[in-house]
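Work through the exercises below with the sequence and the model open. Try each task before reading its solution.

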Amino acid sequence: MMVTLDLDALDLEDGQRVLDLGCGRGRHSHAFYWHDKALDVTMLDLSLEDLKGAIDGFFELPPPPQNPPRSAVWSVGDAGRLPFADYSFDVVICSEVLEHLPDVDAALDEITRIVKPGGRFALSVPRYWPEKICWALSEGYQNTPGGHVRIFKDHELRDRVARRGYRPYKRHWAHALHAPYWWLRCAKWERQEESRSVNAFRKLLEWDLMEKPRLTRWTEAALNPVMGKSVALYFQKDAA
(Lines give C-alpha, C1' and ligand atoms only; values in the text may rest on other atoms or scores of the structure.)
Protein backbone atom coordinates (compact mmCIF):
# COMPACT_ATOMS: atom_id res chain seq x y z
CA MET A 1 0.00 0.00 0.00
CA MET A 2 1.15 3.55 -0.70
CA VAL A 3 1.49 5.67 2.43
CA THR A 4 2.68 9.26 2.60
CA LEU A 5 3.39 9.58 6.32
CA ASP A 6 6.18 7.79 8.18
CA LEU A 7 4.37 5.90 10.94
CA ASP A 8 7.64 5.17 12.73
CA ALA A 9 8.09 8.93 13.23
CA LEU A 10 4.97 8.98 15.43
CA ASP A 11 6.54 7.09 18.34
CA LEU A 12 3.62 4.67 18.48
CA GLU A 13 2.96 2.54 21.56
CA ASP A 14 0.65 -0.37 22.32
CA GLY A 15 -2.84 0.70 23.31
CA GLN A 16 -2.74 4.19 21.81
CA ARG A 17 -5.85 5.64 20.23
CA VAL A 18 -5.22 6.92 16.70
CA LEU A 19 -7.45 8.97 14.38
CA ASP A 20 -7.03 8.90 10.61
CA LEU A 21 -8.87 12.13 9.77
CA GLY A 22 -10.05 12.18 6.17
CA CYS A 23 -9.02 8.56 5.77
CA GLY A 24 -10.25 8.22 2.18
CA ARG A 25 -9.99 4.59 1.14
CA GLY A 26 -7.92 3.77 4.19
CA ARG A 27 -4.30 3.45 3.08
CA HIS A 28 -2.93 4.87 6.36
CA SER A 29 -5.60 3.17 8.48
CA HIS A 30 -4.62 -0.17 7.00
CA ALA A 31 -0.95 0.56 7.73
CA PHE A 32 -1.81 1.42 11.34
CA TYR A 33 -3.86 -1.73 11.73
CA TRP A 34 -1.01 -3.91 10.47
CA HIS A 35 1.64 -2.04 12.45
CA ASP A 36 3.64 -4.04 14.98
CA LYS A 37 2.07 -1.96 17.79
CA ALA A 38 -1.48 -2.73 18.91
CA LEU A 39 -3.46 0.43 18.15
CA ASP A 40 -7.11 1.46 18.44
CA VAL A 41 -7.65 3.02 15.01
CA THR A 42 -10.56 5.33 14.23
CA MET A 43 -11.25 6.17 10.58
CA LEU A 44 -13.26 9.28 9.73
CA ASP A 45 -14.22 10.66 6.33
CA LEU A 46 -16.93 12.84 4.86
CA SER A 47 -17.51 10.31 2.06
CA LEU A 48 -19.46 7.17 2.95
CA GLU A 49 -18.40 5.62 -0.37
CA ASP A 50 -14.71 6.04 0.48
CA LEU A 51 -15.29 4.65 3.97
CA LYS A 52 -16.92 1.57 2.48
CA GLY A 53 -13.86 1.12 0.26
CA ALA A 54 -11.59 1.47 3.28
CA ILE A 55 -13.57 -1.14 5.18
CA ASP A 56 -13.44 -3.55 2.23
CA GLY A 57 -9.67 -3.08 2.17
CA PHE A 58 -9.31 -4.75 5.55
CA PHE A 59 -10.61 -7.99 4.04
CA GLU A 60 -8.32 -7.83 1.01
CA LEU A 61 -5.10 -7.86 3.06
CA PRO A 62 -3.53 -10.67 5.11
CA PRO A 63 -4.65 -10.88 8.74
CA PRO A 64 -2.69 -8.69 11.16
CA PRO A 65 -0.56 -10.04 13.99
CA GLN A 66 -2.84 -11.64 16.56
CA ASN A 67 -0.85 -10.73 19.64
CA PRO A 68 -1.54 -8.20 21.01
CA PRO A 69 -5.15 -7.43 19.96
CA ARG A 70 -6.13 -4.27 18.09
CA SER A 71 -9.33 -2.58 16.91
CA ALA A 72 -10.60 -0.37 14.08
CA VAL A 73 -13.80 1.68 13.98
CA TRP A 74 -15.14 4.09 11.37
CA SER A 75 -17.39 7.13 11.22
CA VAL A 76 -18.73 9.63 8.70
CA GLY A 77 -17.91 13.14 9.88
CA ASP A 78 -16.81 16.69 9.14
CA ALA A 79 -13.25 17.80 9.97
CA GLY A 80 -14.60 21.13 11.21
CA ARG A 81 -17.00 19.48 13.71
CA LEU A 82 -15.42 16.30 14.98
CA PRO A 83 -17.68 13.93 16.97
CA PHE A 84 -15.09 13.20 19.67
CA ALA A 85 -14.46 14.34 23.23
CA ASP A 86 -11.64 16.69 24.18
CA TYR A 87 -8.21 15.06 24.51
CA SER A 88 -9.43 11.70 23.21
CA PHE A 89 -6.58 10.71 20.85
CA ASP A 90 -2.89 10.05 21.36
CA VAL A 91 -2.16 10.50 17.65
CA VAL A 92 -4.05 12.24 14.84
CA ILE A 93 -3.04 12.14 11.19
CA CYS A 94 -4.52 14.18 8.35
CA SER A 95 -3.01 13.16 5.01
CA GLU A 96 -3.89 14.99 1.76
CA VAL A 97 -7.01 16.53 3.31
CA LEU A 98 -6.43 20.17 4.27
CA GLU A 99 -6.11 21.31 0.66
CA HIS A 100 -9.73 20.25 0.11
CA LEU A 101 -11.29 22.05 3.09
CA PRO A 102 -13.18 25.35 2.93
CA ASP A 103 -12.16 26.20 6.52
CA VAL A 104 -8.68 24.95 7.43
CA ASP A 105 -8.57 26.84 10.72
CA ALA A 106 -11.75 25.15 11.96
CA ALA A 107 -10.20 21.74 11.23
CA LEU A 108 -6.92 22.62 12.95
CA ASP A 109 -8.81 23.93 15.99
CA GLU A 110 -10.79 20.69 16.20
CA ILE A 111 -7.65 18.59 15.87
CA THR A 112 -6.03 20.58 18.65
CA ARG A 113 -9.09 20.04 20.84
CA ILE A 114 -9.02 16.25 20.54
CA VAL A 115 -5.25 15.59 20.71
CA LYS A 116 -4.07 14.74 24.23
CA PRO A 117 -1.43 16.97 25.84
CA GLY A 118 1.90 15.58 24.71
CA GLY A 119 0.20 13.77 21.81
CA ARG A 120 1.31 13.81 18.20
CA PHE A 121 -0.17 15.23 15.01
CA ALA A 122 1.06 14.57 11.48
CA LEU A 123 -0.22 15.99 8.22
CA SER A 124 0.62 15.96 4.55
CA VAL A 125 -0.44 18.29 1.76
CA PRO A 126 0.61 18.77 -1.86
CA ARG A 127 3.96 20.53 -2.07
CA TYR A 128 3.76 24.15 -3.21
CA TRP A 129 5.68 24.26 -6.48
CA PRO A 130 4.59 20.91 -8.02
CA GLU A 131 1.00 21.82 -7.17
CA LYS A 132 1.43 25.30 -8.64
CA ILE A 133 2.45 23.70 -11.95
CA CYS A 134 -0.71 21.56 -11.91
CA TRP A 135 -2.84 24.65 -11.40
CA ALA A 136 -1.02 26.49 -14.20
CA LEU A 137 -1.47 23.61 -16.65
CA SER A 138 -5.17 22.97 -16.12
CA GLU A 139 -8.19 24.94 -15.00
CA GLY A 140 -10.06 21.64 -14.85
CA TYR A 141 -7.68 20.37 -12.18
CA GLN A 142 -8.42 23.45 -10.08
CA ASN A 143 -12.16 23.30 -10.55
CA THR A 144 -12.85 19.58 -10.06
CA PRO A 145 -15.73 19.22 -7.54
CA GLY A 146 -14.27 18.15 -4.21
CA GLY A 147 -10.77 18.96 -5.48
CA HIS A 148 -8.00 21.19 -4.23
CA VAL A 149 -9.10 24.69 -3.26
CA ARG A 150 -5.76 26.07 -2.02
CA ILE A 151 -2.00 25.64 -2.21
CA PHE A 152 0.12 25.67 0.95
CA LYS A 153 3.67 26.83 1.51
CA ASP A 154 5.00 24.33 4.02
CA HIS A 155 6.68 26.85 6.33
CA GLU A 156 3.46 28.88 6.56
CA LEU A 157 1.40 25.77 7.34
CA ARG A 158 3.99 24.63 9.90
CA ASP A 159 3.76 27.98 11.68
CA ARG A 160 -0.03 27.91 11.49
CA VAL A 161 -0.08 24.63 13.38
CA ALA A 162 2.72 25.57 15.80
CA ARG A 163 0.80 28.64 16.97
CA ARG A 164 -1.81 26.28 18.38
CA GLY A 165 0.65 24.84 20.88
CA TYR A 166 2.70 22.32 18.93
CA ARG A 167 6.41 21.70 18.49
CA PRO A 168 7.38 20.78 14.92
CA TYR A 169 9.92 17.96 14.93
CA LYS A 170 10.14 16.47 11.44
CA ARG A 171 9.54 17.26 7.77
CA HIS A 172 10.00 15.16 4.64
CA TRP A 173 8.74 14.88 1.08
CA ALA A 174 7.12 11.97 -0.76
CA HIS A 175 5.94 10.64 -4.13
CA ALA A 176 8.39 12.36 -6.48
CA LEU A 177 7.45 9.98 -9.31
CA HIS A 178 3.85 11.11 -9.02
CA ALA A 179 4.65 14.77 -9.72
CA PRO A 180 5.39 14.35 -13.47
CA TYR A 181 2.43 11.98 -13.76
CA TRP A 182 0.09 14.70 -12.52
CA TRP A 183 1.75 17.33 -14.71
CA LEU A 184 1.12 15.07 -17.70
CA ARG A 185 -2.50 14.53 -16.65
CA CYS A 186 -3.03 18.25 -16.26
CA ALA A 187 -1.44 19.01 -19.63
CA LYS A 188 -3.87 16.55 -21.24
CA TRP A 189 -6.76 17.17 -18.88
CA GLU A 190 -9.60 17.09 -21.40
CA ARG A 191 -8.31 13.93 -23.10
CA GLN A 192 -6.41 12.22 -20.31
CA GLU A 193 -8.58 9.11 -20.28
CA GLU A 194 -7.65 8.20 -23.85
CA SER A 195 -4.05 9.43 -23.66
CA ARG A 196 -1.57 6.62 -24.24
CA SER A 197 1.18 8.45 -22.35
CA VAL A 198 -1.02 9.04 -19.30
CA ASN A 199 -2.18 5.42 -19.26
CA ALA A 200 1.39 4.15 -19.67
CA PHE A 201 2.60 6.33 -16.79
CA ARG A 202 -0.27 5.14 -14.60
CA LYS A 203 0.62 1.50 -15.28
CA LEU A 204 4.24 2.25 -14.40
CA LEU A 205 3.21 3.72 -11.04
CA GLU A 206 0.88 0.78 -10.35
CA TRP A 207 3.68 -1.67 -11.15
CA ASP A 208 6.06 0.26 -8.91
CA LEU A 209 3.53 0.19 -6.06
CA MET A 210 3.05 -3.56 -6.31
CA GLU A 211 6.60 -4.70 -7.06
CA LYS A 212 8.67 -2.03 -5.25
CA PRO A 213 11.79 -2.56 -7.38
CA ARG A 214 14.98 -1.19 -5.88
CA LEU A 215 15.76 1.04 -8.87
CA THR A 216 12.53 3.06 -8.67
CA ARG A 217 12.56 3.12 -4.86
CA TRP A 218 16.09 4.51 -4.84
CA THR A 219 15.27 6.96 -7.63
CA GLU A 220 12.21 8.30 -5.84
CA ALA A 221 14.06 8.57 -2.51
CA ALA A 222 16.75 10.64 -4.24
CA LEU A 223 14.21 12.85 -6.01
CA ASN A 224 11.82 13.40 -3.10
CA PRO A 225 13.70 16.38 -1.58
CA VAL A 226 13.80 18.00 -5.02
CA MET A 227 10.36 17.27 -6.50
CA GLY A 228 8.34 15.20 -4.03
CA LYS A 229 4.67 15.87 -4.77
CA SER A 230 3.70 15.86 -1.07
CA VAL A 231 5.23 17.42 2.02
CA ALA A 232 4.72 15.78 5.42
CA LEU A 233 4.96 17.68 8.70
CA TYR A 234 5.08 16.22 12.23
CA PHE A 235 4.23 17.91 15.51
CA GLN A 236 4.10 17.15 19.23
CA LYS A 237 1.49 18.97 21.28
CA ASP A 238 2.66 20.83 24.36
CA ALA A 239 2.25 18.75 27.50
CA ALA A 240 0.76 21.59 29.54
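**Exercise 1: Glu96**

The side chain of Glu96 makes a polar contact of 2.6 Å with the side chain of Ser124. The model is predicted: local features need pLDDT of at least 70, side-chain atom pairs count only at pLDDT 80 or more, and totals for chains, interfaces and linings use all residues. Residues are numbered from 1 along each chain as its sequence is written, and side-chain values use heavy atoms, with hydrogens and water left out.

Task: Place Glu96 and list what is in contact with it.

Solution.
1. Find the segment. Glu96 sits in the loop between strand 4 and helix 3. Helices (H or I, at least four residues) and strands (E, at least two) are DSSP runs, numbered from the N terminus.
2. List the contacts, meaning heavy atoms within 4.5 Å. Beyond its neighbours within four places in sequence, Glu96 is in contact with Thr4, Arg27, Ser124, Val125, Pro126 and Ser230.
3. Check the side chains. Glu96 also has a polar contact with the side chain of Ser230, at 3.2 Å. A polar contact is a pair of N or O atoms within 3.5 Å; within protein, one must be able to donate a hydrogen and the other to accept it, and residues adjacent in sequence count only if both atoms are side-chain atoms.

**Exercise 2: the sheet**

Task: Give the strand order of the open sheet and name its edge strands.

Solution.
1. Read the order. The seven strands run 3-2-1-4-5-7-6, with mixed pairing. Two strands pair if DSSP finds at least two bridges between them.
2. Find the edges. Strand 3 (71–76) and strand 6 (166–174) each pair on one side only.
3. Take one pair. Strand 1 and strand 2 (residues 40–45) run parallel, joined by five bridges. Asp20 stands opposite Met43 in strand 2.

**Exercise 3: the core**

Task: Which elements each supply at least two residues of the largest nonpolar core?

Solution.
1. Size it. This core has 28 residues; Leu19, Val92 and Phe121 are among those with the most contacts inside it. A nonpolar core is a set of buried (under 20% relative accessible area, 1.4 Å probe, protein chains only) Ala, Val, Leu, Ile, Met, Phe, Trp, Tyr and Cys residues joined through side-chain atoms within 4.5 Å.
2. Assign the elements. They are strand 1 (17–21), strand 4 (89–95), helix 3 (104–114), strand 5 (115–126), helix 6 (154–162) and strand 7 (230–237).
3. Pick the main supplier. Helix 3 gives the largest share, five residues.
4. Inspect one member. Among the residues that Phe121 touches are Val92, Ile111, Val161 and Phe235.

Terms used: Buried < 20%, exposed > 50% of the residue type's maximum accessible area, 1.4 Å probe, protein only.
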